[in-house]
Amino acid sequence: MAVAQALRESDAAAAVLLVGRRGGIEETLVPAAGLDLETLDVRGIDTTRPLGMVGAMLRLPRAVARARRIIHRFAPDIVVGAAGYVCVPVVLAARSQRVPVVLMEQNALPGRAVRRLAKRSQAVAVSFAGTKQLLPGARVVHTGNPVRPEVIAALPAPRRERCGHLLIMGGSQGARRINDAVAGGIHHLLEANPELVVTHSCGTRDADWSIPVRAGLPEEIRERYTVAAWFDDIAERIRDADLVLMRAGGSSLAEVSVLGRAMILVPYPYAGAHQNANASAYVEAGAAMVVPDEELSAVRLREEVERLLHDEARWRAMSDASVRSGVPDATDRVIALLHDVLAEHRRGHGAAA
């Protein structure tokens, strides 16, 4: 959505249409951002459930047909497929109508949709440089992962002299393993580190039991612990933190590194464990340390946080490496790629005519 917003801001006359999944969260987020939305009735393909695969495949022809109608009516100059299964019918419809396509992949390991559509597209914009070798035969451009405008607005975000503010993020719905560890360890962590402040975004799914944990803390500790299902000003919360503990989703990694914060990552162990590869790139860069999901506990959380609280040199080095890993102009890079692909398409169309 960051690219769509930037296109609208850079050219008031530009028409931008997003296509999402019917019943998905985009039905709330996209209109709220002032963008137009069409939806398709599509489902992901769960390879472990044969009946689910059949159902998804049966929906695909209808989704492609509707996508063709949308493209015919909207008449786009270019189509951007932001990975995920919802982009499959849109890209197939665009290719059938000779509309140029650029894919975007935010994870280090490309998903099934991008792998299958890469060679049918004019280019693939990737967030991780190492993704290129996983898409042989496709035109792959390392652009970085576009971040929301509010993240850019939070810059500059200079590193403080000491690590004293921990931000814990579990995503919009939550991360049960992380929330369990926080619930079991927040008292001892704050008690043992009287200068530490903790902000915790626990997600909507676990809010009913995570948020009341704060009420059970002694008053002097409670004041240093803020917890909510979600923070609308999360970009500012990241900027105000010194250390972030979270999953290793592509968007979150991009935002935290743009703001230059050291990270403790607990990769999501499911969905093919693709977050492990995301996390590895930041560990290799020196910006993060990893705790496997199955190893995270209240004790381990406290140990890893205190490791950085007490080793200021390592924390500073990780923060500096995070800054180097961030790509604040990723949106501009993607838009430049779109213009290049569109210009190439028009030149080829003119030559053919």
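These legends go with a set of close-up views of a predicted model.

**View 1. A four-stranded open sheet with parallel pairing.**
Reading across, the strand order is β3-β4-β5-β6. On the rims sit β3 (79–81) and β6 (140–142), edge strands that each pair on one side only. Ignoring direction, neighbouring strands in this sheet are turned by 25° against each other on average.

**View 2. Zooming in on the β5 and β6 pairing.**
Strand β5 covers residues 123–126 and runs parallel to β6, with three bridges joining the two. If you want a landmark here, pick Ala-125, which stands opposite Val-141 in β6.

**View 3. A salt bridge between strand β2 and helix α3.**
Glu-38 and Arg-66 form this salt bridge, and their closest N and O atoms are 2.9 Å apart. Glu-38 belongs to strand β2 (residues 36–40), while Arg-66 belongs to helix α3 (residues 50–74). The two residues are 28 residues apart, and the pair links distant parts of the chain. How accessible are the two partners? Glu-38 is partly exposed, with 21% relative accessibility. Arg-66 is also partly exposed, its relative accessible area being 23%.

**View 4. Glu-344 meets Arg-139 in a salt bridge.**
Here the N to O distance between the side chains is 2.8 Å. Glu-344 comes from helix α15 (residues 330–352) and Arg-139 from the loop between β5 and β6, so this salt bridge ties together parts that are 205 residues apart in sequence. Glu-344 counts as partly exposed at a relative accessible area of 34%. Arg-139 falls in the partly exposed class as well, at 33% relative accessibility.

**View 5. The Glu-150 and Arg-148 salt bridge.**
In this pair, the closest N and O atoms are 3.8 Å apart. That makes the contact a salt bridge because the cut-off is 4 Å. Glu-150 is partly exposed, with a relative accessibility of 38%. For its partner Arg-148 the value is 27%, again partly exposed.

**View 6. A network of salt bridges.**
Four residues are linked in this view: Arg-162, Glu-195, Glu-312 and Arg-316. For context, the structure holds 21 salt bridges.

**View 7. Two buried cysteines, Cys-163 and Cys-202.**
How many disulfides does a search of the whole structure find? It finds zero. Cys-163 has a relative accessible area of 12% and is therefore buried. For Cys-202 the relative accessible area is 0%, so this cysteine is buried too. Both values sit under the 20% limit that defines buried.

**View 8. A nonpolar patch at the surface, built by Met-1, Ile-25 and Leu-29.**
The patch has an area of about 290 Å². Which segment does Met-1 lie in? You'll find Met-1 in the segment before α1 (2–10). With a relative accessibility of 42%, Met-1 is partly exposed. This residue can be part of a patch because patch residues need over 30% relative accessible area.

How values were computed. Residues are numbered from 1 along each chain as its sequence is written. This is a predicted model: local features need pLDDT of at least 70, side-chain atom pairs count only at pLDDT 80 or more; totals for chains, interfaces and linings use all residues. Side-chain values use heavy atoms; hydrogens and water are left out. Two strands pair if DSSP finds at least two bridges between them. Axes are lines fitted to C-alpha atoms, for helices over the stretch in contact, and angles run from 0 to 180 degrees between N-to-C directions. A disulfide is a pair of cysteine sulfur atoms within 2.5 Å. Buried means under 20% relative accessible area, exposed over 50%, partly exposed in between (1.4 Å probe, protein chains only). Patches are made of residues with over 30% relative accessible area and no salt bridge: like charges are joined within 9 Å, nonpolar side chains (Val, Leu, Ile, Met, Phe, Trp, Tyr) within 5 Å. Accessible areas come from the Shrake-Rupley method with a 1.4 Å probe; for residues, only the protein chains shown count as cover.
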